[in-house]
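Me: I would like a close look at one part of this model, the chain that sits in the middle of my questions. Please set it against its surroundings and keep the account plain.

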Amino acid sequence: MTTVYRRVLSWLDERFGAGSIEEFLRHKTVPVHRHTVWYYFGGMTLFLFIIQVLTGILLLLYYRPTPNDAFESVQYVMTQVRFGWLIRSVHSWSANLMIFTAFVHMFSVYFLKAYRKPRELTWITGMLLLFLVMGFGFSGYLLPWNTLAFFATKVGTEMAGSIPVVGKWLLIYLRGGEEVTGATLTRFFGFHVAVLPGLATLLLAMHLLLVQRLGMSVPPGVEKAIGEGRQPARSMPFFPNFLLRDIMGWYAALGVLGALAAIFPWELGTKADPFAPAPAGIHPEWYFLFMFQTLRYIPAKVIFLEGEFAGLLAFGAAAAVWVAVPFIDYKAGFGRVTRFFTGLGVFALGYMAVMSALALR
Amino acid sequence: METSDRSPREGPQPTRRLINLMLGSGILASIVAFIYPAIRYIIPPLVSESTSRSVVAAKVGELKNNTGEIFKFGSKPALLVRLTDGTYRAFSAVCTHLQCTVQYREDIHEIWCACHNGIYDLEGRNVSGPPPRPLEVFEVHVQGEDVVVSRKA
Amino acid sequence: MKKILVALLMLVWALIPAAARGDTDSCITCHSALEGKLAEPAKVFDQDIHHQSGLTCADCHGGDLHDDSLNAMSPAKGFRGAPKKTQVPEFCARCHSNVTFMHNFNPKARADQYSQYLTSVHGKRLKQGDTKVAACVDCHGVHNMLPASDTRSPTNVANVATTCAHCHANAVYMKGYGIPTDQFARYQKSVHAETLAQGDTSAPTCTTCHGNHGATPPGVSSVPNVCGTCHVFFAQLFEKSPHRAAFAKLNLPGCVQCHSNHEIVKPVDDWVGVGPKSVCANCHTSGEKGYTEAEGMAQDLAKLREGIERADTTLDTAERSGMEVSSARLELASANEDLVKARVNVHTFNEAEVRKLTDQGAGISTKTHEAGLAALHERDVRRKGLGVALITIVITIGGLYLKIRQMESPPRS
């Protein structure tokens, strides 16, 4: 067994230096301390992303992105195709779990100050990936062409229209016309299966490469404790110790996904009718709820701005600050923890939680 | 391993062999459990994909002139009528009053609901009795040997 | 003051050369310059159907429309002025009873409104000098008469009930006539008003049952005929039922005995039988044949209804679980149809006629229920498959856990 492995490795090593990869893996370690558990969420998000790619490809075999056929083809997948119900439900559930783990990953990195120098670029690519993931969610939500998704998309894209000067153009760009029609569906399909996956692959490669180059960040508190000799610097090999734990987590996630899909199949709803009045209780997917609810509370006019635009501007500014946090909180790079940024994170988390809860009420 | 912080465990440990067997069979079985649905999924199902947009309602020549026939369109009944001039018309067969199934009456050349004597003309319009709305009208095309009925776009 | 103004206006008018004035209607010209009631006809007349058909003021009121002076309104010029309330029907009938004349405007026009009006309660009372009753203009309006097809017209099918209610729902106005004034309020709650409000203009309003120009309440014996003009099956079944003779003997109106007259609401199955909401129990008491029949019909209906509900719930559950049950749904629709037909057959007042259909429907609903159960069974098979997959996952996780533990435990010495 071992000799076969050795021979294969040496064969590959002669071709493209696979030995250095093995060498790298052997030396890669993961720090062990009381916050180690948060290291698993990045890998979990990656795993769920792979599930999304695989189930997404399978769904592509039957899905047809036209307003006449979209709903029917999804219905066909759900009812006629063997295990179609499973594939589609897993795709929907996994999408939601992925967004959840991505948020957990992002906040854990934020609170543990893992964005500090030299990992600014890792943070930025990660944030961009988070936005992409939300884009995946927004575009994918429309694809089954059911009533709820149709009106949620209508409301969502209308917001873009409230931006001055470019708003109108942006709205038409997103919808592929003035209204949400078949053109929008085709467009969102294109975003969902081609544009976004392309961008995501690129950013993901950069993100992973940076993680490998820089290794895992040790939180400032732990670093300080080690520096002062209050705590030993412990670590475990990435391969196989950490990876095996990762795989354990992935298997657990698979089990959860399968159970969710079988016990709570993702509902299809009713086919969208563009001429029907909007049904009561339109709401976007849960991860957009905090924005949705905020926009509801903003008055029609804020100073001289349209209310909706003011809200979008505020969110845009907040997102920009968030992305740029490694540069604003540059002191963290010298190991100085500023209470302000931890407070800001707690506030952001609390705000999102409260607003989402209010929207669901 | 060299950096492990675990304290030595008490009692006998399962042998390496047993663990490898468990792990190996587990992985193998679970991979089968994932691959099997995927392969079954890829094989196209026998029911062709025309569940509710269009359906072959009848074969050409199956219906005599001045007769009607109920067929299944999605999960609802629909009515195919062959007029006295040999042309086809198709309607939803669900009466707009209380959802009974309507039928073609050869004697009066109209569509009739047996429940409350509702009458629709051959354009689907409610002309007599309790029906509040016309019947939904479908499109009919003759393609080769098939009379294909589809929802109006 | 007013007179001076009028005189002044006429003077100004007279000074304008006739050529400049053109061929205008002097009635309109003067009356639109007046105030209040006298100006009203001139303001609204251009919308009136009579104006649209080319008629002028003078065609009804007489006088000379080419004469600019007050002389235009002298009896010598045939001026008739405004009719008194009691004269209104004759005033309109001058043209509207003339078939030949009416055909100049509408070849399908009827000319029997006046003769019908004379048979109505309104017409009879007006003849007796009661000016509170409705004459032509009370329903049709005066100078802004619109054809009934116009949705703004008070005689449009959507507005008829409100037009009648104008007087008939006014308790003060109707005092002394000894008839109720709640017909409109009760009609508003009826299935007829609801259907009309939904835009089905063939749905009945007041005039559908009472007539329009010959408005009169239908007599006790003619009720089934009135309802039967639309509800054919029910009238036929009632006609052959034992109730017909019994009702006639007791001088009871047919349909309305159970369904009420104005507040005709959607009937529910609870009306049949002997329960607290039952209409049968109003007359039938325990021990009679009618009582047992009613009880039996209620049980038949309930049995089928429950069977359909049960099958429907099962199919819903199956559908939500992603199962395909469209064929069963299609079949269930025919069970539902049997229920609808059984409810029609209640009007035979013969339990066997109802049971014939409910038994047939119950058979179908049982079958679809079973199809739903089969689909749910299939779903459980899926869950078992998931269970197997979960076991493999758990084994793998266990293996991984043990592997890690073994790997990380210090080598035994």
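The part in question is chain B, with its fold, one of its loop residues and its contact with chain C. How many helices and strands does chain B have, and which elements of chain B touch chain C?

Reply: This is a predicted model, and the account below starts with chain B and then moves outward to its partners.

Chain B has one helix and 10 strands. The helix comes first, at the N-terminal end, and the strands follow it one after another. Of the 153 residues in chain B, 38% are buried. Contacts between residues at least 6 apart in sequence can be sorted by separation, and in chain B 38% of them join residues at least 24 apart.

B:Asn66 gives a local view of this chain. B:Asn66 is in the loop between β1 (54-59) and β2 (67-73) of chain B. Is B:Asn66 buried or exposed? B:Asn66 counts as buried because its relative accessibility is 17%, and the cut-off for buried is under 20%. The side chain of B:Asn66 has a polar contact, at 2.6 Å, with the side chain of B:Tyr104. A polar atom of the B:Asn66 side chain also lies 3.5 Å from the backbone oxygen of B:Glu106. With neighbours within four places in sequence set aside, the residues in contact with B:Asn66 are B:Arg82, B:Leu83, B:Thr84, B:Tyr104, B:Glu106 and B:His109. Both polar partners, B:Tyr104 and B:Glu106, thus appear in that list of contacts.

Next comes the contact with chain C. Chain B puts 37 residues into it and chain C puts in 31 residues. About 3,000 Å² is buried between chain B and chain C, and carbon and sulfur atoms give 64% of that area. There are zero salt bridges across this interface by the rule used. Three residue pairs are in polar contact between the two chains, counting pairs with both residues at pLDDT 80 or more. On the chain B side, the elements that give two or more residues are α1 (16-42) and β3 (76-82). The largest share, 11 residues, comes from α1(B). Sorted by class, the chain B side has 20 nonpolar, 12 polar and five charged residues.

Chain C also touches chain A, and that contact can be described in the same terms. Here 18 residues of chain C are in contact with 21 residues of chain A. The area buried between chain C and chain A is about 1,700 Å², with 72% of it on carbon and sulfur atoms. The count of salt bridges between these two chains is one. A:Arg245 and C:Glu408 form it, and their closest N and O atoms are 2.8 Å apart. Three residue pairs are in polar contact between chain C and chain A, again with both residues at pLDDT 80 or more. Helix α22 (residues 351-408) of chain C gives the most to the chain C side, with 13 residues. That side divides into nine nonpolar, three polar and six charged residues.

Within chain A, one helix pair and one helix residue show some of the packing. The axes of α4 (residues 70-79) and α5 (residues 84-111) of chain A come within 5 Å and cross at roughly 115 degrees. From α4(A), the contact is made by A:Val74, A:Val77 and A:Met78, and from α5(A) by A:Gly84, A:Trp85 and A:Arg88. By class these residues are four nonpolar, one polar and one charged. Elsewhere in chain A, A:Leu312 is in helix α13 (residues 307-323). A:Leu312 counts as partly exposed, because its relative accessibility is 24%. A:Leu312 and A:Met159 are 153 residues apart in sequence, yet their C-alpha atoms are 8.0 Å apart in space. Leaving aside neighbours within four places, A:Leu312 is in contact with A:Met159, A:Ser162, A:Ile163 and A:Leu295.

Some backbone details remain. Most residues other than glycine have a negative phi, and most peptide bonds are trans. A cis peptide bond joins A:Lys117 and A:Pro118, with omega about 10 degrees. Another cis peptide bond joins A:Phe239 and A:Pro240, with omega about 0 degrees. A:Pro240 is in helix α11 (residues 238-263) of chain A. A:Val165 has a positive phi of about 65 degrees and is exposed, with a relative accessible area of 83%.

Key: Residues numbered from 1 in each chain as written. Chains lettered and ligands numbered in written order. Predicted model: local features only at pLDDT ≥ 70, side-chain atom pairs only at ≥ 80, totals over all residues. Heavy atoms only, no water. Contact = heavy atoms within 4.5 Å. Buried area = accessible area lost by both parts, 1.4 Å probe. Salt bridge = Lys/Arg side-chain N within 4 Å of Asp/Glu carboxyl O. Polar contact = N/O pair within 3.5 Å; in protein donor to acceptor, adjacent residues only side chain to side chain. Helix = DSSP H or I, 4+ residues; strand = E, 2+ residues; numbered from the N terminus. Nonpolar A, V, L, I, M, F, W, Y, C, P; charged D, E, K, R; others polar. Buried < 20%, exposed > 50% of the residue type's maximum accessible area, 1.4 Å probe, protein only. Axes fitted to C-alpha atoms, helices over the stretch in contact; angles between N-to-C directions.
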